[in-house]
Amino acid sequence: MEKGQARIQDGQFKIQNGQTKIQEDLAEIREAMKDKTSSPSKVSPTVMPASPRIFGRQNYVDQVIYLVLSATSTRVVILGSGGMGKTSVALKAVHNPRIIERFGVYRRWVPCEQATSLPIFIELIAKSLGLPPSTSNDRFSEIVAFLEELGVLQIVLFDNFETIWDLEGEQSAVAVILSRLASIPSLSFIITMRGIQHPASDLIDWTSPRLPPLTPLELDPAQEAFVRVSPDSEGDPHLPELLRELDCMPLAITLMAKLAEVGESVTELLSQWRQEQVKLLSQPGGDRTSSIEVSIRLSLTSSSVRLNADAIPLLSILARLPGGAFLERLPTICPSIQGWKASLRVLRTAALVYDSPDKTAVHMLSPIRSYVLLHHELAYKPLQDLRNAYYGLAETGNTYHGASNFVELLTELSKEEINLESIILDALHNADEKIGAISAAAAFSGYLNLSQPRVNIIQAAIEVARKTESTLLADCLQIYGETLRYQSQYDSASLALEEARDRYTQVHDKFSTAYCLWSIGDMLGDQHKWDEACLMVEEAKGLYTELDWQGGTADCLSQLGLIYQAQCKFEIALSALEEAKSLHIEGQNKLGMANCLQNLGTVYHAQGEYEAASSAAEEAKSTYIKMNIPLGIANSLKVLSDVHYNQGQYSEAYSAAEEARAQYIRWGDKSGIAATLLFLGDILLRQGRYDEAHRRAEEAEKDYIKLGLPQGIGNSRRLLGDIHRMQGEYETARSLLEQAKSLFSQQNPSIYTSLGVADCNSSLGQISRLQGQYDDAIKLLEEARTTYSTIGCRKKDAEECAEEIVLAVKARDSGEEGV
């Protein structure tokens, strides 16, 4: 600041010496104005625009007002990218009653976008002040003299100041003009300007604290702004999605709302935006307020961007990263741009990119990104560098989950998910060489199966692999099959996995064949086809043993433990799981250990060993949370909710089940979502909240019908039957329970089907007792009791059945009639 003041005193203005010195100080300006072709006579009259409507900016406006009124002479700059609403904020401030009270009619507006030359800029200032036309060669001196002689408080709004500031060869002269105006004690001014940097900071003491650049709107004010232009769009469920795709950029919102105002629905506009992008919001012959392309182009043609040869190439790279670019990765992403740090500073200054809150990454607003992709094609070499960098990152998804750095790799991949999807899909469709893209798609989709399975990337890879007859097709099919399995699309998953297995077998790839067999076995287990599942997993285990790979052997043992548990072979199950756990500990495989612990928790729970079950599930959950694996978190929570339920801790069970359901939703496990819905319904039934329980049961039944899972349908009808039974609606209850029992009986024998039949028999027995059908009741209850007594976690149910049998025998022997 002291240096700037010294420059003003020694080299610029020396205001103290009066009018004579002013003439000397402005000689540079007069010289600069000679031989200009632009005529000041072209300047239009300057009338201050009316106070605009603003949304979500009132706090910012209040800050502007506070700064303007904080001293007699103040200087405030409103910064931000194009289309952010800088002019609206400034106009709202100067029309505020407190500003009017101080400055009255001496509030001036200078539309700098008209300033195509230095003389026109000076004439714009003169006209805003109401000065008469002049033939003087020193018009600016007239302006200074007028302002100083007038002596009243005045405020000038220099709107779109970047126009004159970026004029080639004129910045020094403009800085002199601005600093001279800043020295007038009665004058305040506000500048609106693209970018994030204050102009002439070495010459001007800007009022503190300086305002931060304007950022996009929050969603609520963005919706309010849209609806104010297009009232018919209010309440449209797709409006938030459209606004998010526009990154809530005010100008984009206004232009899109105008399209909605003339009849386009929000749904249609969303579809058009995804197809046309920034072209949708551009009008031929439009200006910066009516065409998003014109607005963005102004920023891209600023002097600082033009003068940096690498600025646009770097911007073109960043535009291909919709998730933002992490600064630590930029040397890998753009190795051909040696001066990327300097170029990035230029882009930041022009507000073409902005920093993440933690300053670790840079982002670009969606409309700007769309414009750059449309108008600035990336050269072949930097495009390949970008793709190769992300191919390499994607390939880390192939890392075995027992690797010591597995958790760190998952973290890195999770940060780059959006960019990886964008780069890989673009390469699959547009790259000349497809092998790298196919391999990256398979590896990345494999990683997604741990976090949030989705098929769009791997489907595209399979399509390209089939066309190019790539040897990577088997890998893609294997990943695709697993993804479909996680989405409960078992028939399609089987076809993909079996084709992958056959292709691996043909090329004698035993390792990949074993993995396919394990995956098929795991899927058969999901469908409760335990015998078939056991055969597949045993075959996979044999191959892994032959290959001497203990990680695969351990995974098979862990899965076999779960199968044996389902078949009520608890001792064998525990033995297999303990052996798997030991192998994973030896191999330092944290994820494998977590899977074993979760499976052990399931077995301990089935045996009624609640403390051991809870301890194992909690330890597994902790590891899954560190690794950010939603399915593991959900399954661990499900074990914990089961433990709470069987101990009569219904509130705790409900809370854990709700958390589990949220994780299943996050991961996209439809069968898991349905199962937790059903479990929540069971808890609500226990709490006597019948209507809520009924809604949950019906919702779960619909989900299971869509998934084609008979056992789930049976569980839903069993719960519906119990709800009707508890409300005395015995015939309806009996019908539903009989349907459920029939569905269970038709499935492969397992602990789950046996318990399903037992639950139905118990409820049917209670109905029969109440209706005076005592012999039937005793028979049904005895069958249920026998099953329950073999399962540790259901011994309480066995005791309740015994009590019901006693009541039935007493009632029968006393000749008591039923209801």
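These legends accompany close-up views of one predicted model.

Residue numbers start from 1 along each chain as its sequence is written, and side-chain values use heavy atoms, with hydrogens and water left out. Because the model is predicted, local features need pLDDT of at least 70 and side-chain atom pairs count only at pLDDT 80 or more, while totals for chains, interfaces and linings use all residues.

**View 1. The whole chain, with its 42 helices and 7 strands.** Helices (H or I, at least four residues) and strands (E, at least two) are DSSP runs, numbered from the N terminus. The radius of gyration is 36 Å, well over the 28 Å of the globule rule for 819 residues, so the chain is more spread out than a compact globule. That radius is taken over C-alpha atoms, and the rule is 2.2 Å times the number of residues to the power 0.38. The C-alpha trace spans about 125 × 65 × 50 Å along its principal axes. Of the 819 residues, 56% are buried. Buried means under 20% relative accessible area, exposed over 50%, and partly exposed in between (1.4 Å probe, protein chains only).

**View 2. Strands β2 and β3.** Strand β2 covers residues 107-111, and 4 of its 5 residues are buried. It runs parallel to β3 (residues 154-159), joined by 5 bridges. Two strands pair if DSSP finds at least two bridges between them. R107 stands opposite I155 in β3.

**View 3. An open sheet of 3 strands, ordered β5-β7-β6.** The pairing is antiparallel. β5 (325-326) and β6 (354-355) are the edge strands, each pairing on one side only. Between β6 and β7 (residues 361-363) there are 2 bridges. D355 has V362 in β7 as its bridge partner.

**View 4. Helix α28, residues 510-526.** Its 17 residues should span 24 Å at 1.5 Å a residue, and the end C-alpha atoms are 24 Å apart, which agrees. The expected span is 1.5 Å times one less than the number of residues. In α28, 13 of the 17 residues are buried. H528 follows α28 and has a positive phi, near 65°.

**View 5. Cysteines C596 and C801, in a structure with 0 disulfides.** A disulfide is a pair of cysteine sulfur atoms within 2.5 Å. For C596, the closest cysteine sulfur is in C556, 11 Å away, too far for a bond. C596 is buried, at 0% relative accessibility. For C801, the closest cysteine sulfur is in C760, 12 Å away, again too far for a bond. C801 is buried, with a relative accessible area of 1%.
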